[in-house]
Amino acid sequence: MKPVVGAMQAWSCTVISAFAMLILGILCILFNKNHPELVGGTGDPEEGKEVAATAGMAIAIYAAFFIFCGLQGLLHLREGRRGAIAL
């Protein structure tokens with residue numbers, strides 16, 4: 001199997017997805033606990049749990065990108081060492 005994207009793009013996507021999941025995870029926890037800095041002020045969302053659920057869906061999407069891009073990067077490593085996987 002051949003990689004769909006380049007090696008640099010695959011690893012960049014993997015790193016960006018990991019950081020995005022970390023940051024969104026922290027925000028998800030804070031919104032879920034209705035942290036006063038994030039919920040309840042003027043112009044802030046009223047329902048922290050709904051925002052946390054939305055952030056959780058974004059984490060799931062970034063996890064899919066992380067898995068896909070990580071596998072693409074591993075395919076580049078494998079192709080460089082032993083050749084492409086033949087189907």
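These legends describe close-up views of one predicted model.

**View 1. The whole chain: two helices and no strands.**
The secondary structure comes to 2 helices and 0 strands. Helix α1 covers residues 7-32. Helix α2 covers residues 48-82. The C-alpha trace spans about 55 × 20 × 15 Å along its principal axes. The radius of gyration is 18 Å, whereas a compact globule of 87 residues would have one near 12 Å. Of the 87 residues, 21% count as buried. The chain exposes about 6200 Å², and carbon and sulfur atoms supply 69% of that area. Contacts often reach far along the sequence: among those between residues at least 6 apart, 66% join residues at least 24 apart.

**View 2. The largest nonpolar core.**
Five residues make up this core: C28, F31, V39, A52 and A55. Helices α1 and α2 are the elements that give two or more residues to the core. In soluble globular proteins, nonpolar side chains tend to be buried together. C28 touches A52 and A55, and also G56 and I59, with residues up to four places away in sequence not counted.

**View 3. G56, a contact of C28.**
G56 is found in helix α2. Its relative accessible area is 27%, so G56 is partly exposed. That value falls between the 20% limit for buried and the 50% limit for exposed. C28 touches G56. A7 is a different matter: G56 and A7 are 49 residues apart in sequence, and their C-alpha atoms are 28 Å apart in space.

**View 4. T14 and its contacts.**
T14 lies in helix α1. T14 is buried because its relative accessible area is 10%, under the 20% limit. Leaving out residues up to four places away in sequence, T14 touches F66, C69 and G70. One of these contacts, F66, has its place in helix α2. F66 counts as partly exposed because its relative accessibility is 33%.

**View 5. A nonpolar patch on the surface.**
F66 appears again here, as one of the patch residues. The others are W11, I67, L71, L74 and L77. Together the patch residues have about 550 Å² of accessible area. Which helix gives the most to the patch? Helix α2 does, with 5 residues.

**View 6. Q72 and the start of the chain.**
Q72 is found in helix α2. Is Q72 buried or exposed? With a relative accessible area of 5%, Q72 is buried, so this residue falls under the 20% limit. Beyond its neighbours within four places in sequence, Q72 is in contact with P3, V4, V5 and A10.

**View 7. P3, in the segment before α1.**
P3 has its place in the segment before α1. Which residues does P3 contact, leaving aside its neighbours within four places in sequence? They are Q72, L75, H76 and E79. The contact with Q72 also appears in the previous view, where Q72 is in contact with P3. A52 belongs to another view, as part of the largest nonpolar core. P3 and A52 are 49 residues apart along the chain, and 34 Å separates their C-alpha atoms.

How values were computed: Residues are numbered from 1 along each chain as its sequence is written. This is a predicted model: local features need pLDDT of at least 70, side-chain atom pairs count only at pLDDT 80 or more; totals for chains, interfaces and linings use all residues. Side-chain values use heavy atoms; hydrogens and water are left out. Patches are made of residues with over 30% relative accessible area and no salt bridge: like charges are joined within 9 Å, nonpolar side chains (Val, Leu, Ile, Met, Phe, Trp, Tyr) within 5 Å. Accessible areas come from the Shrake-Rupley method with a 1.4 Å probe; for residues, only the protein chains shown count as cover. A salt bridge is a side-chain nitrogen of Lys or Arg within 4 Å of a carboxyl oxygen of Asp or Glu. Helices (H or I, at least four residues) and strands (E, at least two) are DSSP runs, numbered from the N terminus. Buried means under 20% relative accessible area, exposed over 50%, partly exposed in between (1.4 Å probe, protein chains only). A nonpolar core is a set of buried Ala, Val, Leu, Ile, Met, Phe, Trp, Tyr and Cys residues joined through side-chain atoms within 4.5 Å. Contact means heavy atoms within 4.5 Å. The radius of gyration is taken over C-alpha atoms; the globule rule is 2.2 Å times the number of residues to the power 0.38.
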